[in-house]
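Let's take a walk through this protein, one piece at a time. Keep the picture open while you read.

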Amino acid sequence: MRSLLSGVSVLGAGILGALALSPLPGKEADAEATPVKQDLDPEIQSAAVDPDADNIGIAPDELEIDGEQVPYPIWYATVLPGEDMRVTVAPQNEVLFDGIAIPAAGWTRTVTAPREPGSHILAVRGAGGELLYEIAFFVLEPSSNIRRGRLDGYRIGNYPADAPAGFIRLDDRGDMDVPVSPHFRIGQFICKQQPGHWPKFLVLSQDLIKRLEVLLVELREDGATDAETLFVMSGFRTPFYNTAIGSAKRSRHMWGDAADVYVDVSPQDGVMDDLNGDGRVSKGDSNWLYDYAEELYAENKTVASGGIGAYSANAVRGPFVHIDGRGSRARWGR
Ligand SMILES: [Ca+2]
Ligand SMILES: [Ca+2]
C-alpha cells in the first residue's frame, strides 16, 4: 500500500481534484460509486446507527475512532478480527474501507473488521471529495494463535505479564511502507530478528508514535533539523529477542511503546547528527536531544507521560535517545 496523503501535500489543487475521483489503491472498488448497501463486502457491512444519536459536535474535519480523537491526517488503528470499530465523523464526510464507501446515517459508522489478520486503509473524504484522513487499519493476529512461542514461524517468546491481545501482521516487504503517522512508517518499528522471515509481527503504541511525532515536528519547526523522520534504531522487540540481547526483563520495547532513536540526515551516515553544534558526535548530542524532549513534553499536555533516556556511543553504534510512552514518568542517563 502507498500513502495517498503524503503525495497530496506536494500536489496542486487541480491534481488534488483529480485525485478525489480516483479509486483508492489496492481494490477494484469504484470510489465514485454511490454508496449502496448491497455493494458492500458482507464482512465490512456497516451498521448505520441511529442518526439522532452520537452527535457529539466534533468539527467537520475531525475524526474519532472508538471515542479517541485521531491526532493527525495520517494515523493508524488496530482491531481484533471480526470486532467492531466505531468511527465518528461529520455526516457529510465519506468513510471508505479499502475504497468501499460505508453508508452514512448520522455521525457514527461501525466498521466490522475482516476475519483475516492484515492491513487495510480507512479513508475519510470531505464533502468535496478531498482526502481528510488516511488511517492504516490493522486487523491483529490474536495472541491465542501463538503456538510454542511462535506465530507462523516468527518467534514471539513469552511475556512476563500483560501479553498483548494481538499483533500487527506484516505479510511482505510492501507492508513495511504503510504510514502510521505523518513522519513514520510501520516498517521502522519491526524487531531485528529473523530478517528474511515473513510474515512479521509487532505491537506499536499510539502514545509512542504521538511522542515521536510531536518531537520531530518541533525539531523541524525550530530549524534544528530538516529530517523527514527519526531513525529508529530499535522499536518493537519480541520477548524472545529481548531476552536474546539481554535487555531489561520488563523492557517497554516488548509492548511496542519504546523506541531508541536519533536524528540522522546531516550527514546521513548511520550515526546521530551533531545536534549541539560542537563539531563532534558524542553523548553531548544525545544529552541535547534528551533536554529538548524533556522541555517539550513538559509543555505539551497532549502526549502521554513516559520515559526518556540518553545513551553514549559504544563499539557498535553511536549515541541515541530512548523515548517511551509507558504512562508514567521515567528519566535516566542524563
Ligand atoms: Ca548523521
Ligand atoms: Ca555534537
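Two residues are in contact here if their C-beta atoms, placed from the backbone, lie within 7 Å. Keep that in mind, and remember that this is a predicted model.

## The overall picture

The protein has five helices and 21 strands. Of its 334 residues, 39% count as buried. If you look at contacts with a separation of 6 or more, residues 24 or more positions apart account for 66% of them.

## A glycine in a loop

Start with Gly235, which sits in the loop between strand E17 (231-234) and helix H4 (239-244). Which residues does Gly235 touch, once we leave aside its neighbours within four places in sequence? They are Gln188, Phe189, Ile190 and Ala259. Take Phe189: it is 46 residues away from Gly235 along the chain, yet the two C-alpha atoms are separated by 4.4 Å.

Is Gly235 buried or exposed? A residue needs 20 or more other C-beta atoms within 10 Å of its own to count as buried. Gly235 has 25 of them, so it is buried.

## The five-stranded sheet

Right before that loop comes E17, which belongs to an open sheet of five strands. Their order is E17-E18-E20-E19-E21, and the pairing is mixed. E17 and strand E21 (330-332) stand at the edges with a single partner strand each, so one side of each has no neighbour in the sheet. From one strand to the next, the twist averages 25 degrees. As a bit of background, strands of a sheet pair through backbone hydrogen bonds, either parallel or antiparallel.

Now zoom in on strand E18 (residues 258-262). It pairs with E17 in the antiparallel sense over three bridges. Val232 has Val261 as its bridge partner in E18, while Phe231 is matched with Tyr262. E18 also runs antiparallel to E20, and four bridges join these two. One of the residues involved is Ala258, whose bridge partner in E20 is Asp324. Four of the five residues of E18 are buried, so the strand is largely enclosed by the rest of the structure.

## Helices lying across the sheet

Two helices lie across strands of this sheet. H3 lies across E18 and E20, running at about 20 degrees to E18. H5 lies across E19 and E20, and its angle to E19 is about 165 degrees.

Helix H5 (residues 283-299) has 17 residues. From its first C-alpha to its last it reaches 24 Å, close to the 24 Å expected at 1.5 Å a residue. Which residues of H5 are buried? They are Asp285, Ser286, Trp288, Leu289, Tyr290, Ala293 and Tyr297. These buried residues pack against helix H3 (206-221), strand E19 (307-311) and strand E20 (320-324).

## A smaller stop: three strands

There is also an open sheet of three strands, in the order E10-E13-E16, with antiparallel pairing. Its edge strands are E10 (141-142) and E16 (200-202), and each pairs on one side only. Two bridges join E10 to strand E13 (residues 166-170). In one of these pairings, Pro142 has Gly166 in E13 as its bridge partner.

## E8, E9 and the hairpin

Further back along the chain is strand E8 (residues 118-125), which is mostly covered: six of its eight residues are buried. Strand E5 (residues 94-97) pairs with E8 in the antiparallel sense over four bridges, and Phe97 has Leu122 as its bridge partner in E8. E8 also pairs with E9, again antiparallel, over eight bridges. Here Leu122 stands opposite Ile135 in E9.

E8 and E9 form a hairpin with five residues between the strands. In that hairpin, Gly129 takes a positive phi near 90 degrees.

## The nonpolar core

The largest nonpolar core has 83 residues. Which of them touch the most other members? They are Ile135, Ala136, Ile168, Leu202, Leu212, Val261 and Val321. The largest share of this core, seven residues, comes from strand E9 (residues 131-139). The core draws at least three residues from each of domain 1 (1-134) and domain 2 (140-334).

Ile135 is worth a second look. Leaving aside its neighbours within four places in sequence, Ile135 is in contact with Val70, Trp75, Tyr76, Ala77 and Leu122. You have met Leu122 already, as the residue opposite Ile135 in the pairing of E8 and E9.

Definitions and conventions
Residues are numbered from 1 along each chain as its sequence is written. Chains are lettered from A and ligands numbered from 1 in the order in which they are written. This is a predicted model: local features need pLDDT of at least 70, side-chain atom pairs count only at pLDDT 80 or more; totals for chains, interfaces and linings use all residues. The expected span of a helix is 1.5 Å times one less than its number of residues. A residue is buried if 20 or more other C-beta atoms lie within 10 Å of its own, exposed if 12 or fewer, and partly exposed in between; C-beta atoms are placed from the backbone. Two strands pair if DSSP finds at least two bridges between them. Axes are lines fitted to C-alpha atoms, for helices over the stretch in contact, and angles run from 0 to 180 degrees between N-to-C directions. A nonpolar core is a set of buried Ala, Val, Leu, Ile, Met, Phe, Trp, Tyr and Cys residues joined through C-beta atoms within 7 Å. Domain bounds come from an automatic or database domain assignment.
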